[in-house]
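Visitor: I'm new to this structure and would like to learn how to read it. Could you walk me through a few features?
Guide: Gladly, let's take a look together.

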Amino acid sequence: MTAPTEGRAIGAPRPRIEGPLKVTGAARYSADNAPPDALHATLVGAPVCQGRIVDVDASAALAVEGVVRILTWHDLPTFGPVPPWQAAVLNLPMQSDRIQHEGEPVAIVLATDIQAAEQARTMVTVRCAPTPPVLPGQGRRNLITASEEVDESGLVEGERGAPFRIGDVDAALASSAVRVSETWIQPSRHHNFIETSGTVARWDGDLLTVWDSAQASFIVPNVIAAALQLDPGNIRVIAPHVGGGFGGKGWVWPHQILAAAAARIVDRPVKLHLGRADQYTSTGFQPLLDQFLELGATEDGRLTALRHQVSNITSMTEVYVEAATEVKDLYACPAIDVSQSVEPVTVNLPTPMRTTNEGCGLWPLESAMNELAHRLGVDPIEIRLRNHADREPTTGRAWSTKHLREAYEEGARLFGWYSRPRGGRSEGNWRIGTGMASSTMGQIRFPGNATVVLQRDGDVVVRVDIQDIGTGLQTLLAQVAAEELGTSVEAVRVEWGDSDLPSTGPMYAGSGTVANTSAVALACRDIRKQLGEHSDTDDVLDALRQTDLPQITGDGRYELPNRVPMDMYGGDSGYAIRSFGAVFAEVAVDPELGIMRMRRMVGVYDCGRVMNARTARSQMIGSLVWAWGKSALERSELDPTTARWMSKNLSSVHIPVNADISDLITIAFIDEPDPYASVTGARAMGEIGATGADAAIAEAVFDAIGVRFRELPITPKRILDALAEMGR
Amino acid sequence: MHPFAYARPHDEAQAVALVAEPGSTIIAGGTELLNWLRLGITRPDNIIDIGRLPDRANIGLEDGFLTLGALATLNQIGEHPTVGEHARVLGQACLLAASAQVRNRATIGGNVLQRTRCAYFRAAEPLPWACNKRAPGTGCPARHAMNDEHAIFGWTDDCVAVHPSDPLVALAALDADVDLVSPEGARRLPVGKLHLAQQEAKAIGHDPATQETVLRHDEMITGYRVPLLPGARSAYLKVRERQSYAYALATAAAVVQMDGDTIQSIRVALGSVAQRPWRLLRAETSLPGNRLSADTVREAVQWDLDEARPLSGNAYKVRLARNTAVRAIMAAVES
C-alpha cells in the first residue's frame, strides 16, 4: 500500500474541478439548453406490449393551445440502417404500424411549451390490434452460439456471451468429492439516474447541433447520420455533463434520432427530454437473469469443474446478451463449460448497467464459492486462496499485474475477518452476520486522443471530448497534465464535452480513465519532446520562454496493441488484464420483521495506480451503495397481464437512500501501477465495487439467520416467507 | 396535466363556499394533489388553495385535549414538544412519513386524505390497465396479480388497496376526533370512522373501490382533537423496505396504560393492512388486567390476526403485522 506522495499531482485526493459548477447549479445539462423558437416534444408511447397500430387519433390533442404538430410514423422519413454497437435499438420505432414493446414511441407531440406537450400527449388516442404478451418464463431460450467479430467501429464486445469449454466438466463433476449445483436469480433493474435522458436538436441548414446526455458522444453523429442519411461530419454534439448514465446512456437510443428527425420535419429546434415514466421504456435496463452454476471440488476445496449457464430476457426483436459468464477467469479450474442464452419477451431492449458482465456473474459464482466453503468447513478466504488463478485460466496468459492475495489480506485485516464470530450473533432483536466475496472486472479498452496546450503564461489547456459521467475524470486529466508538465493542478484547464474537441473513446466501465489519462500523458510528452529540440532545461515553461512561440501544442494518441479499435482483457498486449478486489460485509437481520441493515462494509481493490484517492474512494463507495440496492431493494417488476413495468417512478421503485447506508464503509486500494494497462499505470475501476458484494451480503444474511437466498433482492417478504417455510 | 382555475380564499368562510362548488379540489401542502394531477387521477376545474388560511396550523392543549390545526405540517407536529409529551406515537408517525422535504410541506389535514400507493392505481393516464378506483367497473388486477403490499383485512374483489398514511394510524390509536366543516356547518367524527374499508363501503351500499371515506365532497378537514390519557405510553413502529422515503409494508401504533406490571388499557391500530387503520379490538378487550409479557401480547394479537384474509402474494404480512404490533406494544410500555 502506498500513500499518494506529497507534492505529486497524480493520486492526490483532489476535489473535482467541476464540483463548484454542480453545487451552484451552473453546470448545464442537455435539458438546460433551449434554443430560441424551440418546440417541446413529448412522446406518446404504445399502450400495448406488441401488435399493430390501427390508428392514431390526435384531433383532441391538436386542439390544445400551444400544440404545433403531432407526428406519427406516416410523417417520419424511412431511416437508414443504424450501426450496431453504437445504436442500441436497430429496429427503430415509428417506421411502420408495428409495436415492439409497451411505451415504444408511436407519436411525437410538438408544442410551444412543455405543459401543452404534456397535456396533449395524454389526449392522443392510439387504437391497436394487440398480440398477447410473452412474459419471462414463457419465451423460448435461444442459445448464443457464434462469437461475434470486432467490426471496424471497434465497439463490438467481441466474445460477449460466446460459449467456452475446456476439459471435461461432466466427468469432473461426476468424480468430484463435493458439488454445489444451484440456480441464482436476479431481477430486471433500471438505471434510475437522476437526469432522465434528453436531446435538444437544432438545424442550421445542413448542420445539426445536438445537446445530449450521452456516455459516448462520438457515436451520436454516426447513428443520427446513418438514420437520417447525412454526413456525420455535419453533426456537432455538445454533451459535457451526464446526470448519471451507468450504461443507460452508453449507446444511442431512438429518442435521440427522433429529436433530430422531428426538428428537421418542423424546421425548428426541438427539445425532447424524457419524462421519468418514459425512461423505463425509452432506454434499456439490466435484464432478469437466471443463472445455473455448478462447482465441483476436491475434498480440500480445489475446484475441478465450473459449469455456468446464463439466461437473460431480451426484447422480441433484438438480442442483448448479459455476458455474466465473463467471470470464468476468476479461479483456477481445469474444466470449464459456460454458455448463454436469451429469452425474447415483450419488453424493451435491455442494455448494460451497473455492473454489467461480472456484476451479474459473480452473484452466482461467489455465492457458490461461499456455499462450497461452508460445505467443507473451510474459511471463505482460504477456499479462494486455494483456487487462486496464477495465470488467466482460459488462455494460460500471465496477468499484467495481480494483487488479489494482498486485497484479501488487507480486507481481512481492516474488517477483523479472522476474529469475527462465526454463525452469527444476537444483538437485541437483531441477528448479526458476516460474509465476504471476491470482486473482479475485465478491462475493455479503447484508444484515446487528447491535445494539451502549454501557454507562455504558464496556463495549460487539456482538450478532449470526454463526457462528465460523474466519476471525476476531468480532474484526473488535470492531475496527469500537471504531473507530466511539472505545473500545478490549478494551472490546468480542461475543456470537454464538445465534438469540436479531439474525439476520444466512450465512457464505459472505467475505460475513459485508461484511454484519456494515457492520451493526456502522451500529449504532455509530445510537448516535452518538441521543447527538447529547442532547449535542454527540464522545466517546460522555461523551455517555452526560451522560444518565441506564444504557446506549444502537444498531441496525444493512445493506441491499443496492434492498433485495434477496441480490446478486452488485455487484447494483444501479451498479458491478461483485469481488476480485482475483495469485499466484506456485516449485515443485521431482524427475523421477526424481515428487515435487514448494512452494518459495515470493507472493500479493497487492485485497479492499478490510483489516479485520485478521493474520486476513487467515492466511486467505490457508490458501487457498494449500488450493491446494497441490488441485494436489498432494487427490482423492476412486470405486470403479468400487460407486460408493462409496474411502477415508473422513484417513489415506488426503491433505490437506496442515505439512511440505508452505513457510515462504516472502509475503502482501500492496493495502488500498484499496471504498466501494461495504460500509459499512466491506471486500470479501469468502473463499478468493480458492485461486483461480488451481493454475494458477500447474502452470505452475511446466511451467517445471521441460516437462510440461503439465491434470488435477489432479499426483501422482508422473502425473509419472512423463508423463515415461515422453515417453521421458524 | 390539464388547465385549471386557482383561487386562494382569505378566510375559512370563503374557503368553505369555494370548496363546495362542483369541480373544486382543495390544495394545502400540494404534495399529493400534484401527483394526482400529473397522473390524471383527478382533473379538477378549480383548485382552492387553503394553505395560507390563518390560525389553522396551531398545535396546543385545550380542555384535556391536544388540538391540531389541519394545516400543521408533519414536521411541525413531529417536532412539537407538546405532541412528544402527550402523543408520542403521533410525533413518531409524522417523522417516519415521507421525506424531510415532503414533511415540510405536507399537512395533517391532507395527509389522511392521500390515496393508495397501489401501482395499478398510480399509473399515468391514459390508464393502461383495469382499476376500479380509476375506471369503475373495469376490475382489480391486484386482486390476483401483483399484491404483495396490499390488504389483508377489509378488502373485496373490487379493490384490495391499503391506505398508506402513517399519522392516520397514530390518530386512530389515540381515539382522536376529526373536525369537519361544510356550508351545512361543522361536525366531528372519530378518526377511525373517517375511512371505509372496501367491505364497509359495500355494506352500506356504496362502491367499494371508490368510496374511501365518509367525507362529503363539500366538506373540509379543519383539525383534530386528541383526548389526553393520563399516564399513557405510546409508540409507533413502521416496517418498510428502505429506511426512509418509503411506504410501509406494515405499521403499528400502540397506546398503553399500565398499572405496575399489569395492562390497564390498550389501544392498537395497524397501518398498511387495510384501507383504514385496523384496530385490534380482540387484543384491546382481552389484554387489560393481564400481566404484561411478550407472549401474552403475541397471543392476544394473534387472535385478531386470525381474522386476516391474505391475498396470493401477501401471506407474509399477517406474520409481519402481528410481530409489528407486538413490538409496538412492548416499545410503548418501555418508553
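Visitor: Which residue forms a salt bridge with Asp500(A)?
Guide: Keep in mind that this is a predicted model. The partner is Arg236(A), and the closest N and O atoms of the pair are 3.3 Å apart.

Visitor: How many salt bridges are there between domain 1 of chain A and domain 2 of chain A?
Guide: Two salt bridges are counted there. You'll also find 13 residue pairs in polar contact between these two domains, both residues being at pLDDT 80 or more. On the side of domain 1 of chain A that touches domain 2 of chain A, eight residues are nonpolar, six polar and five charged.

Visitor: Where do those domains run along chain A?
Guide: According to the domain assignment, domain 1 covers 19–27 + 447–559, and domain 2 covers 33–132 + 194–244 + 249–282. There's a domain 3 as well, made of 142–189 + 286–443 + 572–725.

Visitor: What area is buried between domain 1 of chain A and domain 2 of chain A?
Guide: The general idea: an interface's size is often given as the accessible area lost when the parts come together. Here that comes to about 1,300 Å², with carbon and sulfur atoms giving 45%. Gln467(A), Ser499(A) and Tyr508(A) supply 34% of what domain 1 of chain A buries against domain 2 of chain A, more than any other three residues. As for contacts, 19 residues of domain 1 of chain A meet 16 residues of domain 2 of chain A, while the centres of the two domains, taken over C-alpha atoms, are 36 Å apart.

Visitor: Now for a single residue: is Asp468(A) buried or exposed?
Guide: Asp468(A) counts as buried because its relative accessible area is 0%, and the cut-off for buried is under 20%. Look for Asp468(A) in the loop between strand S21 (460–463) and helix H11 (473–485) of chain A. Its side chain makes a polar contact of 2.7 Å with the side chain of His241(A), and a polar atom of that Asp468(A) side chain lies 3.0 Å from the backbone nitrogen of Gly470(A). Asp468(A) also touches other residues, including Glu18(A), Lys22(A) and Trp496(A).

Visitor: And over in chain B, which strand holds Ile263(B)?
Guide: That's strand S11, residues 262–271. Ile263(B) is buried, at a relative accessible area of 2%. Its C-alpha atom is 5.5 Å from that of Gly289(B), though the two residues are 26 apart along the chain. Among the residues Ile263(B) touches are Val256(B), Met258(B), Leu287(B) and Leu292(B).

Definitions and conventions
Residues are numbered from 1 along each chain as its sequence is written. Chains are lettered from A and ligands numbered from 1 in the order in which they are written. This is a predicted model: local features need pLDDT of at least 70, side-chain atom pairs count only at pLDDT 80 or more; totals for chains, interfaces and linings use all residues. Side-chain values use heavy atoms; hydrogens and water are left out. Helices (H or I, at least four residues) and strands (E, at least two) are DSSP runs, numbered from the N terminus. Buried means under 20% relative accessible area, exposed over 50%, partly exposed in between (1.4 Å probe, protein chains only). Contact means heavy atoms within 4.5 Å. Domain bounds come from an automatic or database domain assignment. Buried area is the accessible area (1.4 Å probe) that two parts lose on being put together, summed over both. A salt bridge is a side-chain nitrogen of Lys or Arg within 4 Å of a carboxyl oxygen of Asp or Glu. A polar contact is a pair of N or O atoms within 3.5 Å; within protein, one must be able to donate a hydrogen and the other to accept it, and residues adjacent in sequence count only if both atoms are side-chain atoms. Ala, Val, Leu, Ile, Met, Phe, Trp, Tyr, Cys and Pro count as nonpolar, Asp, Glu, Lys and Arg as charged, and the others, Gly among them, as polar. Lists of a residue's contacts leave out its neighbours within four places in sequence.
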